[in-house]
Amino acid sequence: MARQLDEQIAGRFPVGQRLRVLDVGMGQGTQALRLARAGHQVTGLERDEKMIAVAREALSGEPEGIRERMRIIEGDGRDTGVHFLPGSFDVVLCHGVLMYVEEPDALLAGMARMLAPGGLLSLLVRNGDALAMRPGLAGDWAGALAAFGTVSYTNRLGLEVRADRLEALTATLAGIGAPLHAWYGVRIFTDTAADDAAVPADVETLLAVEERAGRTDPYRGVAALLHLCGVRG
């Protein structure tokens, strides 16, 4: 997914431009820190104190120049208007967050308002059109059957969360002024791998296959996750 994001950034902004990036629900700050290392000015917004502590610890070990390019704010992604002025960012990320938000429209609209004209909105969501794939591939036939016609599922943490359908999100993005520009599938062949699975010897080939499938129909349509990129008009 990092390659996909870098591709979209490279296609929209001049080479070498220092972008203003907002990472909503940054978690441990992995993506935010990667972009700060690349030279961008990054703001991470997170409400979980434990995640913030991990992110601050990781940031503390970086050179001064990188530490100066990244700031961490404790807060809820639905309150972006409280923390920032409209049009303050060139790129807004929201990865792995929407599944925890019961009614995400207000969050999405708020993030779109944070974008400057031509800005990029990057979303990573659970694919609501493919919820039967994981239980089906695991041989859980009852779970696969129950997954049809719903957008609710139990994640690996045991939490009841929700998924998003591509068609519905496409309409939402158009309605908030950041219409869909590109979309990818993420975790097509690797979704059933255990979290603690050993890295295979041919990991580069595995990544190449996932990358190719994530751009190719019909494979991307059954991915566990969808990476959507909208552009502010």
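## Glu62, a buried charged residue

In this predicted model, Glu62 counts as buried because its relative accessibility is 13%, under the 20% limit for that label. You will find Glu62 in the loop that runs between α3 (49–60) and α4 (64–69).

Who are its neighbours? Leaving aside residues up to four places away in sequence, Glu62 touches Leu33, Arg37 and Arg67. One of these, Leu33, belongs to α2 and is itself buried.

## Helix α2 and its partner α1

Staying with α2, the buried residues of this helix are Gln31, Ala32, Leu33, Leu35 and Ala36. Just after α2 comes Gly39, whose phi is positive, at about 105°.

How do α1 and α2 meet? The axes of α1 (residues 2–12) and α2 (residues 30–37) come within 12 Å and cross at roughly 45°. That angle is why α1 is described as oblique to α2. The crossing of α1 past α2 is right-handed. On the α1 side, the contact is made by Ala2, Leu5, Asp6 and Ile9, while α2 brings Gln31, Arg34 and Leu35. Sorted by class, this contact holds four nonpolar, one polar and two charged residues.

## The nonpolar cores

It helps to keep a general tendency in mind here: in soluble globular proteins, nonpolar side chains tend to be buried together. The largest nonpolar core in this model has 29 residues, and the members touching the most others are Leu22, Val92, Leu107, Met111, Leu123 and Leu228. At least two core residues come from each of β1 (20–24), β4 (89–95), α6 (105–114), β5 (115–126), α9 (166–175) and β9 (225–231). With six residues, α6 supplies the largest share.

Met111 is a good place to zoom in. Not counting residues up to four places away in sequence, Met111 touches Val24, Thr80, Val92, Cys94, Leu121 and Leu123. Apart from this largest core lies another one, of 24 residues, which includes Ile9, Leu19, Ala32 and Ile66. Two of those names should look familiar: Ile9 takes part in the contact of α1 with α2, and Ala32 is among the buried residues of α2.

## Leu166 in α9

Is Leu166 buried or exposed? Leu166, a residue of helix α9, is buried, with a relative accessible area of 18%. Once residues up to four places away in sequence are set aside, Leu166 touches Asp129, Leu180, Trp183, Leu226 and Leu228.

For a sense of distance, look at Leu166 and Leu59. These residues are 107 residues apart along the chain, and their C-alpha atoms are separated by 35 Å.

Key:
Residues are numbered from 1 along each chain as its sequence is written. This is a predicted model: local features need pLDDT of at least 70, side-chain atom pairs count only at pLDDT 80 or more; totals for chains, interfaces and linings use all residues. Side-chain values use heavy atoms; hydrogens and water are left out. A nonpolar core is a set of buried Ala, Val, Leu, Ile, Met, Phe, Trp, Tyr and Cys residues joined through side-chain atoms within 4.5 Å. Buried means under 20% relative accessible area, exposed over 50%, partly exposed in between (1.4 Å probe, protein chains only). Helices (H or I, at least four residues) and strands (E, at least two) are DSSP runs, numbered from the N terminus. Contact means heavy atoms within 4.5 Å. Axes are lines fitted to C-alpha atoms, for helices over the stretch in contact, and angles run from 0 to 180 degrees between N-to-C directions. Angles under 35 degrees count as roughly parallel, over 145 as roughly antiparallel, 65 to 115 as roughly perpendicular and the rest as oblique. A crossing is left-handed if the near helix is turned anticlockwise from the far one by less than a right angle, and right-handed if clockwise. Ala, Val, Leu, Ile, Met, Phe, Trp, Tyr, Cys and Pro count as nonpolar, Asp, Glu, Lys and Arg as charged, and the others, Gly among them, as polar.
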